[in-house]
Amino acid sequence: MFDSADFRVGDGLTIRKSRKFGIVGIPGEIKVRWHRDLPAGAAAAVLSRSCGKWHICFFVETPDAHGPDPVRAAGGIDVGLTSLIATSDGDAVPTPQWVRMASTKQRRLQRALGRCRRGSKGRLKAKMRLARHSARTANQRRDFAHKLSRTLVNLYSHIAFEDLNITGLASGMLAKSVLNAAWGQLISFTDYKAANAGGLVAKVDPRGTSQECDCCGMVTPKYRPGESPIRELNNRIQDCPGCGTVEDRDVHAAKVIKHRAFPWLKGPGAGPGASSQPVAA
Ligand SMILES: [Zn+2]
């Protein structure tokens with residue numbers, strides 16, 4: 001008995017004019033309930049059984065690679081601690097409450113688990129409580145990432161993020177792992193949703209995005225609280241000594257990110273539609 005089998009279309013498996021299947025080794029024709037029309041070019045099929053039903057899945061090769069559509073609207077996204085994200089248009093999404101809650105509770109449940117004797121009933125219960133909590137956090141994160149990525153893709157055809165593989169968060173942050181996972185999922189969901197809509201997600205080197213001036217390119221080191229009493233108050237503000245630009249730091253960083261990804265959109269008159277240059281993949 002088997003649960004799945006691979007076929008080449010036209011070889012082990014044929015589709016009859018009656019839209020029924022012929023499968024080698026099985027006499028007669030097999031009735032099929034089609035869920036959609038089969039496009040030309042189906043090369044391989046996998047027959048599988050789950051829950052007592054047989055399904056067949058076709059693999060269709062499509063002439064891919066008409067790249068992304070032209071830029072309708074481009075946006076840069078800065079991820080951060082104060083705001084989960086800030087956009088180059090000045091929108092900010094606050095870090096959701098469950099991010100902080102999730103890490104605090106996870107630590108509490110892990111400590112409780114650590115106190116339980118190995119093999120005890122209490123340990124099993126603590127383990128299940130931790131697993132339930134992890135599952136709930138994952139659900140909240142996924143739900144959030146789906147909604148926010150949808151919003152971003154509706155707003156922008158071309159979206160630039162920081163490449164989070166290059167720099168992460170400062171260590172010692174309680175909510176670090178929760179935040180990193182939330183950003184990672186947001187970026188990957190945005191990526192495939194944008195691709196489906198003919199758009200594009202670009203990831204740029206995040207180094208120095210909060211120190212660079214988007215208007216004149218001047219790099220100004222930023223100080224952490226305590227390092228410089230003069231600049232400390234302005235820590236959340238980009239205040240460029242070169243050209244005098246004053247702006248929310250996260251929003252300004254989002255602009256830098258946008259222009260690192262789509263440099264031809266920079267400058268006056270470079271609004272939506274003003275760009276016809278090809279997009280670097
Ligand atoms: Zn400047």
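**Close-up views of the predicted model**

**View A. The zinc site in this predicted model is tetrahedral, because its four donor atoms subtend angles of 102 to 115° around the zinc ion.** For comparison, ideal angles for four tetrahedral donors are 109.5 degrees. The coordinating atoms are the SG atoms of Cys213, Cys216, Cys240 and Cys243, which stand at 2.2 to 2.3 Å from the zinc ion. Along the chain, these donors follow the spacing C-x2-C-x23-C-x2-C. Cysteine 213 belongs to the loop between strand 10 (200-204) and strand 11 (237-239), whereas cysteine 240 belongs to the loop between strand 11 and strand 12 (246-248), so the pair ties together parts that are 27 residues apart in sequence. Both cysteine 213 and cysteine 240 are buried.

**View B. An open sheet is formed by five strands, arranged in the order 8-7-6-9-10 with mixed pairing.** Strand 8 (92-94) and strand 10 are the edge strands, and each has a single partner strand, so one side of each is left without a neighbour in the sheet. On average, and with direction ignored, neighbouring strands of this sheet are turned by 20° against each other. Within the sheet, strand 6 (residues 74-79) and strand 7 (residues 83-87) run antiparallel and are joined by three bridges; isoleucine 77 has threonine 87, in strand 7, as its bridge partner.

**View C. Helix 3 and helix 4 are shown with the strands they meet.** Helix 3 (residues 176-196) lies across strand 6, strand 7, strand 9 (158-162) and strand 10, and runs at about 140° to strand 10. Helix 4 (residues 249-261) packs on the sheet and touches strand 6, strand 7, strand 9 and strand 10, while its direction makes about 130° with that of strand 6.

**View D. The largest nonpolar core has 23 residues, and those with the most contacts inside it are Ile85, Leu152, Ile159 and Phe161.** At least two residues of this core come from each of strand 6, strand 7, helix 1 (97-115), helix 2 (121-155), strand 9 and helix 3, and helix 3 gives the most, with seven residues. When residues up to four places away in sequence are not counted, isoleucine 85 touches Ile77, Asp78, Val79, Asp91, Ala92, Val93, Leu148, Leu152 and Leu186. Another core, of ten residues, lies apart from the largest one and includes Ala74, Val204, Ala261 and Phe262.

Conventions:
Residues numbered from 1 in each chain as written. Predicted model: local features only at pLDDT ≥ 70, side-chain atom pairs only at ≥ 80, totals over all residues. Heavy atoms only, no water. Donors = N, O, S within 2.8 Å, 3.2 Å for Na, K, Ca; no water. Tetrahedral: all angles 85-135°; square planar, octahedral: opposite > 155°, others 65-115°. Helix = DSSP H or I, 4+ residues; strand = E, 2+ residues; numbered from the N terminus. Buried < 20%, exposed > 50% of the residue type's maximum accessible area, 1.4 Å probe, protein only. Pairing = 2+ DSSP bridges. Axes fitted to C-alpha atoms, helices over the stretch in contact; angles between N-to-C directions. Contact = heavy atoms within 4.5 Å. Core = buried A, V, L, I, M, F, W, Y, C linked by side-chain atoms within 4.5 Å.
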